[in-house]
Amino acid sequence: MDTTAYIFELLKIILPAIIVAGSVFLLIKQYFEKEQQRRLIELRLQSSKETLPIRLQAYERVTLLLERITPNNILVRLSSAGQTAPEFHRLLLQEIRAEFEHNLSQQLYMSPDAWDHVKQARENVLTMINKSYHALPAPQQARGTELAKRVLETLIAEEVDPTARALNVVKREAASLF
């Protein structure tokens, strides 16, 4: 009986100590988890403050790219006067590719879906110009103004701006940053 009383007395001391130690352990563990979450949120907020202006600039540049390669804008910007259709065709394609290559790095700050729409818009514009060029009766003898006219006629006939969808996706994604 002496041993049983001794064990009982020992349990009266050890059991509350284990309960207190377990409670302290759980409280400390919760504190460190919340502290880690707070630091992670703080880090994300700091990162957001630094990257938001860069991302907005990327969306601005891609919007400008899409506006610049829109057929009616590029035809106004690049004069077809005094050029043959093959020269103007080559100039249009070269300008669109150069604009796109100049803005390739912007894809780092955009979603893959938005960038895919931008690439598709570029392909749509190139395809429209190529089809218009090959639809000329005699492309090698035609003037640049005839190609420009054919591109505009194609744009009107299709009733769809080849860059409009990509532009809407980019604008929507940029607006979602706020």
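This text walks through helix packing, salt bridges and two single residues in a predicted model.

Helix α4 is a convenient place to start, since the packing described here involves α3, α5 and α6 as its partners. Two packed helices are described by the angle between their axes and the distance between the axes. For α3 and α4 the angle is about 175 degrees, with the axes 10 Å apart. That makes α3 roughly antiparallel to α4, as the angle is over 145 degrees. On the α3 side the contact is made by Ala85, Pro86, His89, Leu92, Leu93, Ile96, Arg97 and Phe100. On the α4 side the residues are Trp115, Val118, Lys119, Arg122, Val125, Leu126, Ile129, Asn130 and Tyr133. By class, this contact of α3 with α4 has 12 nonpolar, two polar and three charged residues.

The next partner is α6, which spans residues 164-175. The axes of α4 and α6 come within 8 Å and cross at roughly 155 degrees. The two helices are therefore roughly antiparallel to each other, and α4 passes α6 in a left-handed crossing. Asp113, Ala114, His117, Val118 and Ala121 of α4 meet Arg165, Ala166, Val169, Val170 and Glu173 of α6. The residues of this contact divide into six nonpolar, one polar and three charged. Val118 of α4 appears in this contact with α6 and also in the contact with α3.

The crossing with α5 has another geometry. Helix α4 covers residues 112-134 and helix α5 covers residues 144-158; their axes come within 9 Å and cross at roughly 120 degrees. An angle of that value lies outside the ranges for parallel, antiparallel and perpendicular, so α4 and α5 are oblique to each other. Here α4 passes α5 in a right-handed crossing. From α4, the contact uses Met128, Ile129, Ser132 and Tyr133. From α5, the residues are Leu147, Arg150, Val151, Thr154, Leu155 and Glu158. Sorted by class, the contact of α4 with α5 has six nonpolar, two polar and two charged residues.

One residue ties some of these surfaces together. His89 lies in helix α3 and is part of the contact of α3 with α4. Leaving aside residues up to four places away in sequence, His89 touches Ile129, Asn130, Tyr133 and Leu147. Of these, Ile129 and Tyr133 also belong to the α4 side of the contact with α5, and Leu147 belongs to the α5 side. With a relative accessible area of 11%, His89 is buried, because buried means under 20%.

Charged side chains come next. The count of salt bridges comes to 11. Among them, a group in helix α1 forms a network that links Glu35, Arg38, Arg39 and Glu42. Within this network, the side chains of Arg39 and Glu35 meet at 3.6 Å, N to O. Arg39 and Glu35 are four residues apart in helix α1 (residues 2-69), so about one helical turn separates them. The two ends of this bridge have opposite surroundings: Arg39 counts as exposed at 53% relative accessibility, whereas Glu35 is buried at 16%.

The side chains of Arg38 and Glu42 form another salt bridge of the network, at 2.9 Å, N to O. Again the two residues are four apart in helix α1, so they are separated by about one helical turn. Arg38 is partly exposed, with a relative accessible area of 41%, and Glu42 is partly exposed, with 49%.

A further salt bridge joins the side chains of Arg68 and Glu99 at 2.6 Å, N to O. This pair links distant parts of the chain, with Arg68 in helix α1 and Glu99 in helix α3 (residues 85-102), 31 residues apart. Arg68 is partly exposed, with a relative accessible area of 27%, while Glu99 counts as buried at 11%.

Last comes a point of backbone geometry. Glu159 has a positive phi of about 55 degrees although it is not a glycine. Where is Glu159 placed? Glu159 sits in the loop between α5 and α6. With a relative accessible area of 70%, Glu159 is exposed.

Technical notes
Residues are numbered from 1 along each chain as its sequence is written. This is a predicted model: local features need pLDDT of at least 70, side-chain atom pairs count only at pLDDT 80 or more; totals for chains, interfaces and linings use all residues. Side-chain values use heavy atoms; hydrogens and water are left out. Axes are lines fitted to C-alpha atoms, for helices over the stretch in contact, and angles run from 0 to 180 degrees between N-to-C directions. Angles under 35 degrees count as roughly parallel, over 145 as roughly antiparallel, 65 to 115 as roughly perpendicular and the rest as oblique. A crossing is left-handed if the near helix is turned anticlockwise from the far one by less than a right angle, and right-handed if clockwise. Contact means heavy atoms within 4.5 Å. Ala, Val, Leu, Ile, Met, Phe, Trp, Tyr, Cys and Pro count as nonpolar, Asp, Glu, Lys and Arg as charged, and the others, Gly among them, as polar. A salt bridge is a side-chain nitrogen of Lys or Arg within 4 Å of a carboxyl oxygen of Asp or Glu. Buried means under 20% relative accessible area, exposed over 50%, partly exposed in between (1.4 Å probe, protein chains only).
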